[in-house]
Amino acid sequence: MHDPAPVVIVITEEDSGRALAEALSAGRPMVLAARGLGSRPPAGAPPIAALLRHPFPITGVLTGRLEGPAAAIMLACDALYVTPRAALRLIPSGRGEGALLALRLGHAGARRVWFSGGLLPAREAVRAGWAEMASGTFETALQTARTRYEGLSGEALTLLRPLLYHQAGLNLAQARDLERAAFALAFGSGAPAEGIAAFLEKRKPTF
């Protein structure tokens with residue numbers, strides 16, 4: 001069974017590039033956190049494509065302002081917790097920022113960001129449904145992100161990202177086929193049986 005506890009990397013700290021690379025091979029969800037100001041990506045950080053291929057969910061915590069390559073890393077997050085003054089300033093580099101931004105915000109939201117010089121304020125990310133406004137400090141937002149997937153089995157977590165990305169643009173019949181395949185994989189893992197047993201026995205599941 002997989003350990004669903006996430007690996008936390010504060011990308012504005014030194015040596016976070018090595019920590020990111022190690023987290024990709026850990027087989028666990030990740031939390032990418034950023035506070036304060038930053039413009040340079042962590043030294044040795046893997047490319048966004050490698051983060052997108054990670055089979056487990058990636059959650060972001062943003063309470064400061066990131067620019068350029070440092071900001072682009074946050075586009076790999078499936079969801080964000082942000083504070084009101086948080087922001088990303090994106091600079092297109094030809095490495096997929098435009099496509100990723102459209103996926104996160106929708107085409108209309110992405111156009112608004114590019115027309116404003118690449119500035120993505122917290123409220124825009126929240127309006128698009130990609131981010132959730134966090135209450136309190138960086139530490140409380142980080143704790144919320146850490147517990148986001150508590151109670152879920154590792155097998156269920158490995159299905160979240162494929163479902164999130166593969167469903168985009170599917171018609172109804174294709175979406176139903178994808179849903180059926182996901183149900184088959186989930187039930188084949190044995191995790192649902194433990195979840196049902198835990199519910200009936202009024203206890204926490206052990207995955």
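How much area does the protein expose, and what share of it do carbon and sulfur atoms supply? About 11,100 Å² is exposed, and carbon and sulfur atoms supply 58% of that. Keep in mind that this is a predicted model.

**View 1. The whole chain, for orientation.** Here you're looking at nine helices and nine strands. The C-alpha atoms fit a box of roughly 50 × 40 × 30 Å along the principal axes. A compact globule with 207 residues would have a radius of gyration near 17 Å, and the 18 Å found here agrees with that. Buried residues account for 40% of the 207. Of the contacts between residues at least 6 apart in sequence, 62% join residues at least 24 apart.

**View 2. Inside the largest nonpolar core.** This core has 37 residues, and Ile11, Met30, Leu32, Leu66 and Met74 touch the most other members. Helix H4 (residues 97–115) gives the largest share, six residues. Zoom in on Met30 and you'll find Pro6, Val7, Ile9, Leu20 and Ala23 among the residues it touches, leaving aside those up to four places away in sequence. Other partners of Met30 include Leu51, His54, Pro57 and Ile58. Apart from this core lies another one, of ten residues, including Val31, Tyr81, Phe138 and Leu142. In soluble globular proteins, nonpolar side chains tend to be buried together.

**View 3. A nonpolar patch on the surface.** Ile196, Phe199 and Leu200 make a patch of about 370 Å². Ile196 sits in helix H9 (residues 191–200). With a relative accessible area of 48%, Ile196 is partly exposed, because that value falls short of the 50% that "exposed" requires.

**View 4. A salt bridge along helix H1.** The side chains of Glu22 and Arg18 meet here, 2.6 Å from N to O. These two are four residues apart in helix H1 (residues 16–24), so about one helical turn separates them. Glu22 is partly exposed at 43% relative accessibility, and Arg18 is partly exposed at 43% too.

**View 5. Three residues in a salt-bridge network.** Five salt bridges turn up in the protein, and this view shows Arg112, Glu124 and Arg127 linked in a network. Arg112 and Glu124 come within 2.8 Å, N to O. That pair joins helix H4 to helix H5 (residues 122–127), with the partners twelve residues apart. Arg127 also bridges to Glu124, at 3.0 Å between the closest N and O atoms; both lie in helix H5, three residues apart. Glu124 is buried at 9% relative accessible area, while Arg112 is partly exposed at 40% and Arg127 is exposed at 56%.

Technical notes: Residues numbered from 1 in each chain as written. Predicted model: local features only at pLDDT ≥ 70, side-chain atom pairs only at ≥ 80, totals over all residues. Heavy atoms only, no water. Core = buried A, V, L, I, M, F, W, Y, C linked by side-chain atoms within 4.5 Å. Buried < 20%, exposed > 50% of the residue type's maximum accessible area, 1.4 Å probe, protein only. Contact = heavy atoms within 4.5 Å. Patch = residues over 30% accessible without salt bridge, like charges linked within 9 Å, V, L, I, M, F, W, Y side chains within 5 Å. Areas by Shrake-Rupley, 256 points an atom, 1.4 Å probe, with all protein chains shown as cover. Salt bridge = Lys/Arg side-chain N within 4 Å of Asp/Glu carboxyl O. Rg over C-alpha atoms; globule rule 2.2 N^0.38 Å.
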